[in-house]
Amino acid sequence: MHRFLFLVLFLYACIMPCANGEEKPVRLHVVAESNDTQAQTLKLKVKDAVLKKALEITKDAQTSQEAYASLFTSIGEIRMCAREAALQYGFTGEINALVTREEFPARLYGDMIVKEGEYPTLLVTIGKAEGKNWWCVIYPDLCLYGEKADTGGIRFYSKFGYWFNQLMDRWRK
(Lines give C-alpha, C1' and ligand atoms only; values in the text may rest on other atoms or scores of the structure.)
Protein backbone atom coordinates (compact mmCIF):
# COMPACT_ATOMS: atom_id res chain seq x y z
CA MET A 1 0.00 0.00 0.00
CA HIS A 2 2.81 2.43 0.86
CA ARG A 3 4.52 1.73 -2.47
CA PHE A 4 1.31 2.49 -4.31
CA LEU A 5 0.84 5.76 -2.42
CA PHE A 6 4.47 6.69 -3.08
CA LEU A 7 4.04 5.91 -6.79
CA VAL A 8 0.88 8.02 -6.98
CA LEU A 9 2.59 10.94 -5.23
CA PHE A 10 5.67 10.61 -7.43
CA LEU A 11 3.57 10.61 -10.61
CA TYR A 12 1.59 13.57 -9.35
CA ALA A 13 4.78 15.53 -8.64
CA CYS A 14 6.27 14.70 -12.04
CA ILE A 15 3.27 14.87 -14.33
CA MET A 16 0.78 17.25 -12.77
CA PRO A 17 2.58 20.33 -11.40
CA CYS A 18 0.10 22.97 -10.29
CA ALA A 19 0.03 26.68 -9.69
CA ASN A 20 0.09 26.32 -5.90
CA GLY A 21 0.78 28.72 -3.13
CA GLU A 22 -0.93 31.79 -1.82
CA GLU A 23 -0.10 33.90 -4.84
CA LYS A 24 -2.73 33.74 -7.57
CA PRO A 25 -1.86 34.44 -11.20
CA VAL A 26 -3.34 37.59 -12.75
CA ARG A 27 -5.62 36.99 -15.73
CA LEU A 28 -6.63 38.97 -18.79
CA HIS A 29 -10.25 38.55 -19.94
CA VAL A 30 -11.55 40.20 -23.13
CA VAL A 31 -15.24 39.90 -24.02
CA ALA A 32 -16.48 40.64 -27.56
CA GLU A 33 -19.58 42.67 -28.31
CA SER A 34 -21.24 39.73 -30.11
CA ASN A 35 -20.43 36.45 -31.82
CA ASP A 36 -20.43 37.73 -35.39
CA THR A 37 -17.19 37.45 -37.32
CA GLN A 38 -16.43 41.16 -37.28
CA ALA A 39 -16.90 41.43 -33.49
CA GLN A 40 -14.72 38.39 -32.90
CA THR A 41 -11.97 39.82 -35.13
CA LEU A 42 -12.19 43.12 -33.24
CA LYS A 43 -11.91 41.25 -29.94
CA LEU A 44 -8.61 39.72 -31.07
CA LYS A 45 -7.26 43.10 -32.25
CA VAL A 46 -8.13 44.67 -28.90
CA LYS A 47 -6.72 41.64 -27.05
CA ASP A 48 -3.39 41.94 -28.89
CA ALA A 49 -3.03 45.62 -28.02
CA VAL A 50 -4.12 45.23 -24.39
CA LEU A 51 -1.96 42.15 -23.86
CA LYS A 52 1.11 43.98 -25.15
CA LYS A 53 0.36 46.97 -22.90
CA ALA A 54 -0.40 44.80 -19.84
CA LEU A 55 2.82 42.82 -20.23
CA GLU A 56 4.75 46.08 -20.56
CA ILE A 57 3.12 47.42 -17.38
CA THR A 58 3.75 44.24 -15.34
CA LYS A 59 7.24 43.40 -16.63
CA ASP A 60 9.02 44.61 -13.47
CA ALA A 61 6.55 43.09 -11.00
CA GLN A 62 8.05 40.60 -8.56
CA THR A 63 4.73 39.22 -7.29
CA SER A 64 1.19 38.90 -8.57
CA GLN A 65 0.12 41.54 -6.04
CA GLU A 66 2.60 43.99 -7.58
CA ALA A 67 1.37 43.12 -11.08
CA TYR A 68 -2.24 43.61 -10.00
CA ALA A 69 -1.41 46.96 -8.38
CA SER A 70 0.46 48.11 -11.50
CA LEU A 71 -2.52 47.25 -13.68
CA PHE A 72 -4.85 49.03 -11.24
CA THR A 73 -2.83 52.24 -11.28
CA SER A 74 -2.52 52.10 -15.09
CA ILE A 75 -6.16 51.33 -15.89
CA GLY A 76 -6.68 54.62 -17.75
CA GLU A 77 -3.70 53.89 -19.98
CA ILE A 78 -4.99 50.35 -20.62
CA ARG A 79 -8.50 51.61 -21.42
CA MET A 80 -7.05 54.16 -23.86
CA CYS A 81 -4.95 51.44 -25.52
CA ALA A 82 -8.04 49.25 -25.99
CA ARG A 83 -10.06 52.15 -27.40
CA GLU A 84 -7.30 53.11 -29.85
CA ALA A 85 -7.05 49.52 -31.10
CA ALA A 86 -10.83 49.40 -31.59
CA LEU A 87 -10.84 52.76 -33.40
CA GLN A 88 -8.14 51.53 -35.78
CA TYR A 89 -10.49 48.71 -36.70
CA GLY A 90 -13.38 51.17 -37.15
CA PHE A 91 -15.26 50.47 -33.91
CA THR A 92 -16.62 53.59 -32.21
CA GLY A 93 -18.71 51.91 -29.51
CA GLU A 94 -17.95 51.69 -25.83
CA ILE A 95 -14.82 49.94 -24.53
CA ASN A 96 -14.40 49.37 -20.80
CA ALA A 97 -11.43 48.12 -18.82
CA LEU A 98 -11.28 47.45 -15.12
CA VAL A 99 -9.27 45.49 -12.62
CA THR A 100 -11.50 43.07 -10.74
CA ARG A 101 -11.77 39.45 -9.58
CA GLU A 102 -13.47 36.75 -11.65
CA GLU A 103 -14.13 33.02 -11.56
CA PHE A 104 -12.27 30.90 -14.13
CA PRO A 105 -12.23 27.18 -14.94
CA ALA A 106 -9.04 25.17 -14.59
CA ARG A 107 -6.68 25.27 -17.54
CA LEU A 108 -3.45 23.57 -18.53
CA TYR A 109 -0.61 25.74 -19.86
CA GLY A 110 2.08 23.37 -21.10
CA ASP A 111 2.86 21.34 -17.99
CA MET A 112 1.36 23.75 -15.45
CA ILE A 113 -2.23 23.54 -14.23
CA VAL A 114 -3.87 26.77 -13.15
CA LYS A 115 -6.73 25.65 -10.93
CA GLU A 116 -10.29 26.82 -11.21
CA GLY A 117 -11.24 29.60 -8.87
CA GLU A 118 -11.44 33.33 -8.38
CA TYR A 119 -8.49 35.29 -9.78
CA PRO A 120 -7.39 38.91 -10.00
CA THR A 121 -8.37 39.95 -13.51
CA LEU A 122 -7.89 42.71 -16.02
CA LEU A 123 -11.33 42.70 -17.69
CA VAL A 124 -11.88 44.40 -21.04
CA THR A 125 -15.42 44.54 -22.45
CA ILE A 126 -16.33 45.64 -25.95
CA GLY A 127 -19.74 47.19 -26.56
CA LYS A 128 -22.55 45.09 -25.04
CA ALA A 129 -20.05 42.34 -24.15
CA GLU A 130 -22.44 39.57 -25.20
CA GLY A 131 -20.02 37.61 -27.39
CA LYS A 132 -17.43 34.89 -26.91
CA ASN A 133 -14.50 35.79 -24.74
CA TRP A 134 -10.74 35.29 -24.71
CA TRP A 135 -8.63 34.87 -21.57
CA CYS A 136 -5.20 33.86 -20.37
CA VAL A 137 -2.73 34.38 -17.52
CA ILE A 138 -0.75 37.63 -17.90
CA TYR A 139 1.24 37.33 -14.67
CA PRO A 140 3.23 35.23 -14.85
CA ASP A 141 3.04 35.50 -18.63
CA LEU A 142 1.46 32.29 -19.90
CA CYS A 143 -0.61 33.87 -22.68
CA LEU A 144 1.83 32.85 -25.40
CA TYR A 145 3.08 29.67 -23.73
CA GLY A 146 2.29 27.47 -26.72
CA GLU A 147 4.26 29.72 -29.07
CA LYS A 148 7.24 30.02 -26.73
CA ALA A 149 7.44 26.34 -25.88
CA ASP A 150 6.27 24.97 -29.25
CA THR A 151 3.72 22.76 -27.52
CA GLY A 152 0.97 23.23 -30.07
CA GLY A 153 -0.92 25.66 -27.86
CA ILE A 154 -2.91 25.48 -24.70
CA ARG A 155 -4.79 22.29 -23.92
CA PHE A 156 -7.54 21.61 -21.41
CA TYR A 157 -6.72 18.71 -19.16
CA SER A 158 -8.79 15.59 -18.66
CA LYS A 159 -11.54 14.87 -16.14
CA PHE A 160 -9.20 12.29 -14.61
CA GLY A 161 -6.60 15.02 -14.05
CA TYR A 162 -9.23 17.22 -12.44
CA TRP A 163 -10.43 14.37 -10.21
CA PHE A 164 -6.89 13.42 -9.27
CA ASN A 165 -6.05 17.04 -8.47
CA GLN A 166 -9.08 17.34 -6.20
CA LEU A 167 -8.18 14.09 -4.46
CA MET A 168 -4.63 15.25 -3.85
CA ASP A 169 -5.85 18.61 -2.52
CA ARG A 170 -8.06 16.84 -0.01
CA TRP A 171 -5.30 14.44 0.94
CA ARG A 172 -2.89 17.30 1.70
CA LYS A 173 -5.33 18.93 4.16
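Start by selecting I75, I78, C81, A82, A85 and A86, which are the buried residues of helix α4, where buried means under 20% relative accessible area, exposed over 50% and partly exposed in between, computed with a 1.4 Å probe on protein chains only. Because these residues cover an arc of only 130° around the axis, they sit on the same side of α4, the arc being that of the directions from the helix axis to the C-beta atoms. An α-helix has 3.6 residues a turn, so residues three or four places apart point the same way.

What you are viewing is a predicted model, in which local features need pLDDT of at least 70 and side-chain atom pairs count only at pLDDT 80 or more, while totals for chains, interfaces and linings use all residues. Residues are numbered from 1 along each chain as its sequence is written, and side-chain values use heavy atoms, with hydrogens and water left out.

Now turn to the other side of α4, where L87 and Q88 are exposed, and then pick M80, which also lies in α4 and is partly exposed, with a relative accessible area of 44%. If you add V50, 30 residues away from M80 along the chain, you will find 9.4 Å between their C-alpha atoms.

Next, select the whole of α4, whose 14 residues should span 20 Å at 1.5 Å a residue, and whose end C-alpha atoms are 20 Å apart, which agrees; the expected span is 1.5 Å times one less than the number of residues. Helices (H or I, at least four residues) and strands (E, at least two) are DSSP runs, numbered from the N terminus. Just after α4 comes G90, whose phi is positive, near 95°.

To see what surrounds α4, show α2, α3 (64–73), β2 and β5, against which its buried residues pack, contact meaning heavy atoms within 4.5 Å.

Finally, display the sheet, an open one of 4 strands in the order β2-β5-β1-β6 with mixed pairing, where two strands pair if DSSP finds at least two bridges between them. Its edge strands are β2 (95–104) and β6 (133–139), each of which pairs on one side only. Strand β1 (residues 26–31) runs antiparallel to β6 and is joined to β6 by 6 bridges, and here you can select V30, which stands opposite W134 in β6. Helix α2 (residues 37–58) lies across β1, β5 (117–126) and β6, running at about 10° to β6, where axes are lines fitted to C-alpha atoms, for helices over the stretch in contact, and angles run from 0 to 180 degrees between N-to-C directions.
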